[in-house]
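The exercises below ask you to read geometry and burial from a model of a protein. Work each one with the structure open before turning to its solution.

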Number of protein chains: 2
Amino acid sequence: MSESYAKRAAELDAADELASVRARFVLDDVVYLDGNSLGALPRSVPGRVEDVVRRQWGSLRIRSWDESGWWTAPERIGDRIAPLVGAAAGQTVVGDSTSVNLFKALVGAVRLAGEGRDEILVDATTFPTDGYIAASAARLTGCTLRPVAPDEVPGAVGPRTAVVLLNHVDYRTGRLYDLPSLTAAVHAAGALVVWDLCHSAGALPVGLDEHGVDLAVGCTYKYLNGGPGSPAFLYIRRDLQARFDSPLPGWNSHADPFGMTPDFSPAPGALRGRVGTPDILSMLALEAALEVWDDVSVSAVRAKSLALTDFFLECVAAYVPQGAVESVTPSAHADRGSQVALRCQGADAVMRSLIERGVVGDFRAPDVLRFGFTPLYVGFGDVERAARVLAEVLAGEPAGAPV
Amino acid sequence: MSESYAKRAAELDAADELASVRARFVLDDVVYLDGNSLGALPRSVPGRVEDVVRRQWGSLRIRSWDESGWWTAPERIGDRIAPLVGAAAGQTVVGDSTSVNLFKALVGAVRLAGEGRDEILVDATTFPTDGYIAASAARLTGCTLRPVAPDEVPGAVGPRTAVVLLNHVDYRTGRLYDLPSLTAAVHAAGALVVWDLCHSAGALPVGLDEHGVDLAVGCTYKYLNGGPGSPAFLYIRRDLQARFDSPLPGWNSHADPFGMTPDFSPAPGALRGRVGTPDILSMLALEAALEVWDDVSVSAVRAKSLALTDFFLECVAAYVPQGAVESVTPSAHADRGSQVALRCQGADAVMRSLIERGVVGDFRAPDVLRFGFTPLYVGFGDVERAARVLAEVLAGEPAGAPV
């Protein structure tokens, strides 16, 4: 049986228009299905980082703030990410962590919503940091925080709602939420929406401008492969920028940073999402990493992503005894991100065995195996092997010869 | 005349117990007096960064969060900085920018101060970002913000004061403020103090524990040489930690980050100063940079710093025609940081000429030449040359042969 799936995998790999992109990454024999946590290293990064350290910092030193483009990196790299999330230039800045950007976006949104709106709705199933930060934003702005399931947002959002914070893709189940319709529902109630794109940026089309999203944040170390803890991004829709009032007004978001004036006068545009001095090493590593996208379209990535996850579910259904695992990832394409999450007994130990056998996913408590599929470097052969090794582990078979 | 100062410089360099430390940095023929803005590159950094990128990220990938110590880097590197600012272990974490850490510290301090204290005092002469962030913290916590000159703090702090934000060394004039007595004055009024150590950490003894400082922040890219935009640090005094209530509670400050629980339960100790995923490349570059301190004491650095700035002022007085420049840096050692700031006409153009002639300081509007002296790599010969070239520029002399 596995021979027919292996043959199918080989055929799919041969027809894969993104197959050549894999060579742009440093990879080995491991099947790396954890790019939804930390993307693999693009080959463009090490040389760039070495240049930043040895020449830009070591030799040019302070001059690099101008001469090496350090000062403008947050908005320049933001504009490089923008087309990947469907945004025109001038609305995205890079810097700080996702959590810190969520704080800016939520407090900023409450202030944009104006008088009489004193409620923040947050995805009840969200990645925890979003909920913690939303609680802090609510507390500091005098708002009430109300967790609601994303599906219930259209019924829950109302005249008192200032802002709704939603995840585009659930970090645990891999469920993709309907950004256009949920955005429209929030807008119909006169509220603003903040989308967390951590698990969708670089994995599927987002369409921020097209769907009129107000504010969005996302990390860059998952499907954008920016490296461990690489800086996050913040999107502020153009027509909201003039009124965007950040709770973190640092000297980097001042209209005249070197004027060193005691009064704060915010910079125009997305720059007012900046705060302090940008972390240049991490930021310029990200810039180099984004070069892998130069001739790659998000729609091609999405098509391959769905084919990969379809094929994985198919192989799992064929290889793994019925009932041993249960997918918590929706089967409908419209509801699926770029990962597959399988519940099973002893998931923690199962994942350790998988990793020992060269298939790297991750475990999320209490019982979920997460497999992320980065179409830029994961192939169909990887998918077949992952499902086959999973079946071996679940059957208690000894590890086979290294593949 | 310049021969006698050059001879003195040579003698001072020969007797300098820190002279050999200069070889730990990548330097050239330039006299680099801008280490108070961006420290020079330590030789320990490039190889480490290459290992972090190629092996830890490129080869180990996700395993490095545990196996390469990524997850615990913020507190481990905090503990490496701690002795440089007079702090015992377990009170310092690294991460985010100085501005973001100021926000955590100020809002946290207002919450620690408790009921009835609704005023924040801020150094009226502060680096601007401190004032902007203090204004935001005041607005979000319902406090009044009052700018006061540091010298007037003892008379201004009162029963309504929650927290006072002070700079240890003024970024413009290089004036050092009396941390012990100002801390005592703030405490006598029952308020808390937040010290900004950007221009003192790594330059002079701070004594956070000894003087009972409540909270402190500082950057790591000046006298700590961590690289452009390297992450800042936050100090939370041990006995305040259990009540420290951060306005940026991210999943990294949770007691059980991978429990992924919807309710926030803060981590014990300084860890609750963390927020989101740390920027590993910038952070581990900083860790490597801190190795230059392994056998260097801050008191030796301070002694050399005062000798360097004394000698610079002496050479300037000897070389530069009277009245051409005016030092705004205090002459008393107790009031001087590790920089000298000179006012002069056309300071912007003068600094450009200095840089063209291989003496790198910086210009701060409207009329200040700033010269920072990092004792780890600046020698007395550098100092004599800087003063001599300054005199040449001010006298309108053509550039001499390269030194």
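**Exercise 1.** In this predicted model, locate B:Met260 and decide whether B:Met260 is buried or exposed.

*Solution.* Begin with the place of B:Met260, which is in the loop between strand 8 (233–236) and helix 9 of chain B. Next take the backbone: phi of B:Met260 is near 55 degrees, a positive value in a residue other than glycine. Most residues other than glycine have a negative phi. Finally, the relative accessibility of B:Met260 is 13%, and because buried means under 20%, B:Met260 counts as buried.

**Exercise 2.** Repeat the analysis for A:Met260, stating where A:Met260 lies.

*Solution.* A:Met260 lies in the loop between strand 10 (233–236) and helix 9 of chain A. A:Met260 is not a glycine, yet has a positive phi of about 55 degrees. With a relative accessible area of 11%, A:Met260 is buried.

**Exercise 3.** Determine how helix 1 (residues 2–14) and helix 12 (residues 380–394) of chain A pack, and which residues make the contact.

*Solution.* The two helices of chain A pack at an angle of about 155 degrees, with their axes 7 Å apart. Angles over 145 degrees count as roughly antiparallel, so helix 1 of chain A is roughly antiparallel to helix 12 of chain A. On the side of helix 1 of chain A, the contact is made by A:Ser2, A:Tyr5, A:Ala6, A:Ala9, A:Leu12 and A:Asp13, while helix 12 of chain A contributes A:Phe380, A:Gly381, A:Glu384 and A:Arg388. Sorted by character, the residues of this contact between helix 1 and helix 12 of chain A are five nonpolar, two polar and three charged.

**Exercise 4.** Describe the open sheet of chain A with strand order 11-12-15-14, and find the cis peptide bond that ends at A:Pro366.

*Solution.* The sheet has four strands with antiparallel pairing, and its edge strands are strand 11 (326–327) and strand 14 (362–364) of chain A, each of which pairs on one side only. Within the sheet, five bridges join strand 12 (residues 339–343) to strand 15 (residues 368–372) of chain A, and A:Leu342 stands opposite A:Leu369 in strand 15 of chain A. Helix 11 (residues 347–356) of chain A packs on the sheet, touching strand 14 and strand 15 of chain A, and its direction makes about 40 degrees with that of strand 15 of chain A. The loop between strand 14 and strand 15 of chain A holds A:Pro366, and the peptide bond from A:Ala365 to A:Pro366 is cis, with omega near 0 degrees.

How values were computed: Residues are numbered from 1 along each chain as its sequence is written. Chains are lettered from A and ligands numbered from 1 in the order in which they are written. This is a predicted model: local features need pLDDT of at least 70, side-chain atom pairs count only at pLDDT 80 or more; totals for chains, interfaces and linings use all residues. Side-chain values use heavy atoms; hydrogens and water are left out. Axes are lines fitted to C-alpha atoms, for helices over the stretch in contact, and angles run from 0 to 180 degrees between N-to-C directions. Angles under 35 degrees count as roughly parallel, over 145 as roughly antiparallel, 65 to 115 as roughly perpendicular and the rest as oblique. Contact means heavy atoms within 4.5 Å. Ala, Val, Leu, Ile, Met, Phe, Trp, Tyr, Cys and Pro count as nonpolar, Asp, Glu, Lys and Arg as charged, and the others, Gly among them, as polar. Two strands pair if DSSP finds at least two bridges between them. Buried means under 20% relative accessible area, exposed over 50%, partly exposed in between (1.4 Å probe, protein chains only).
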